[in-house]
2 protein chains.
Amino acid sequence: MSKAGIKFSNVKELLMKDEDFKKEYEKLKPRYDVISQIIEARTRQNMTQEELAFRVGTQKSNISRLESGTYNPSLDFLAKIARSLGKDVQVILK
Amino acid sequence: MSKAGIKFSNVKELLMKDEDFKKEYEKLKPRYDVISQIIEARTRQNMTQEELAFRVGTQKSNISRLESGTYNPSLDFLAKIARSLGKDVQVILK
DNA sequence: ATTATTGTTATCATATATGATAACATGATA
DNA sequence: TATCATGTTATCATATATGATAACAATAAT
């Protein structure tokens with residue numbers, strides 16, 4: 001074991017975790033990005049989750065769940081949300 | 001009935017259908033748009049559905065199904081596809 | 001202190017996305 | 001013709017997204 005007092009295996013483990021974290025982050029970035037925009041657009045218009053839910057045709061709890069980022073939303077659902085916020089959703093590969 | 005020989009109710013019906021069609025189209029536009037980009041990116045790289053499937057970690061039949069536009073894909077799936085095509089998916093509300 | 005407003009969390013039921021496999025279609029090529 | 005490469009379609013199993021309802025938390029307003 002080196003003087004620094006930390007085993008390489010542990011460092012590697014940490015780096016691996018960091019790699020995993022990065023990969024995980026990359027994977028979740030599109031989701032968090034669009035959610036941020038949704039929350040931003042909604043609050044900017046002083047719209048409550050309940051009002052947005054009404055326009056979308058669902059319940060406020062479901063809007064809260066969406067905004068929490070705890071699951072993987074479908075494209076159609078995102079599009080419905082966007083239109084209920086007076087916007088269009090645009091998906092671009094680049 | 002007017003001289004033109006077509007009942008208003010029928011015209012209305014047609015217009016309604018047109019409205020429905022427009023609404024339906026608006027609703028499906030984001031899906032078809034992103035699918036077009038996927039197919040474009042894949043074929044541009046001379047990549048087969050089988051190769052894309054391998055990179056994504058699924059089967060070629062599932063890629064075919066996605067590209068057929070017959071269902072409502074999730075954001076994560078689109079992101080995985082994009083990355084396997086060497087691209088990033090970008091979702092914008094505007 | 002109470003009540004209203006807004007958002008959160010948990011839970012159940014149902015619909016559907018996704019993975020996997022197989023069979024088939026089509027066109028190119030030997 | 002036979003084979004190979006590529007894409008399509010059907011089907012089943014499983015995981016999960018979504019709708020719906022209820023209970024709760026936090027904050028503001030009265």
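**Close-up views of a predicted two-chain model with DNA**

**View 1. Chain A from end to end.** Starting at the N terminus, the elements of chain A come in the order α-α-α-α-β. That gives chain A four helices and one strand. This is a predicted model, so keep that in mind for every view here. Chain A is 94 residues long, and 20% of them count as buried. If you look at contacts in chain A between residues at least 6 apart in sequence, 53% join residues at least 24 apart.

**View 2. Where chain A meets chain B.** Each partner puts residues into this contact: 25 residues from chain A and 25 residues from chain B. On the chain A side, α1, α4 and β1 each bring at least two residues to the surface that touches chain B. Helix α1(A) has the largest share of that side, with eight residues. Sorted by class, the side of chain A that touches chain B holds 14 nonpolar, four polar and seven charged residues.

**View 3. The strand pair between the chains.** Here β1(A) lines up with β1(B) in the antiparallel sense, and the pairing runs over five bridges. Pick out Val91(A) and you'll find its bridge partner in β1(B) is Val91(B).

**View 4. The largest nonpolar core.** This core has 24 residues. Those with the most contacts inside it are Leu78(A), Ala82(A) and Val89(A), along with Leu78(B), Ala82(B) and Val89(B). Both chains feed into it: α1 (8-44), α4 (75-84) and β1 (89-93) of chain A each give two or more residues, as do α1 (8-44), α4 (75-84) and β1 (89-93) of chain B. As a bit of background, nonpolar side chains in soluble globular proteins tend to be buried together. Zooming in on Ala82(A), and leaving out residues up to four places away in sequence, this residue touches Lys87(A), Asp88(A), Val89(A) and, across in the other chain, Leu93(B).

**View 5. Around Ala79(B).** Ala79(B) sits in helix α4 of chain B. Ala79(B) counts as buried because 23 other C-beta atoms lie within 10 Å, where 20 or more are needed. Skip the residues up to four places away in sequence, and Ala79(B) touches Lys27(A) and Pro30(A) from chain A, plus Val89(B). Gln90(B) is eleven residues from Ala79(B) along the chain, and the two C-alpha atoms are separated by 8.6 Å.

**View 6. The surface near DNA strand C.** Gathered around DNA strand C are 19 residues, and the closest are Thr48(A), Ser61(A), Ser61(B), Tyr71(B) and Ser74(B). Two or more residues come from each of α2 (49-56) and α3 (60-68) of chain A, and likewise from α3 (60-68) of chain B. Helix α3(A) supplies the largest share of this surface, six residues. By class, the residues near DNA strand C split into three nonpolar, twelve polar and four charged.

**View 7. The surface near DNA strand D.** Now for the other strand: DNA strand D has 19 residues around it, with Ser61(A), Tyr71(A), Ser74(A), Thr48(B) and Ser61(B) coming nearest. At least two residues of the surface near DNA strand D come from each of α3 of chain A, α2 (49-56) of chain B and α3 of chain B. Helix α3(B) has the largest share, six residues. The class breakdown for the surface near DNA strand D is three nonpolar, twelve polar and four charged.

Methods:
Residues are numbered from 1 along each chain as its sequence is written. Chains are lettered from A and ligands numbered from 1 in the order in which they are written. This is a predicted model: local features need pLDDT of at least 70, side-chain atom pairs count only at pLDDT 80 or more; totals for chains, interfaces and linings use all residues. A residue is near a molecule or strand if its C-beta atom, placed from the backbone, lies within 6 Å of it. Ala, Val, Leu, Ile, Met, Phe, Trp, Tyr, Cys and Pro count as nonpolar, Asp, Glu, Lys and Arg as charged, and the others, Gly among them, as polar. A nonpolar core is a set of buried Ala, Val, Leu, Ile, Met, Phe, Trp, Tyr and Cys residues joined through C-beta atoms within 7 Å. A residue is buried if 20 or more other C-beta atoms lie within 10 Å of its own, exposed if 12 or fewer, and partly exposed in between; C-beta atoms are placed from the backbone. Two residues are in contact if their C-beta atoms, placed from the backbone, lie within 7 Å. Two strands pair if DSSP finds at least two bridges between them.
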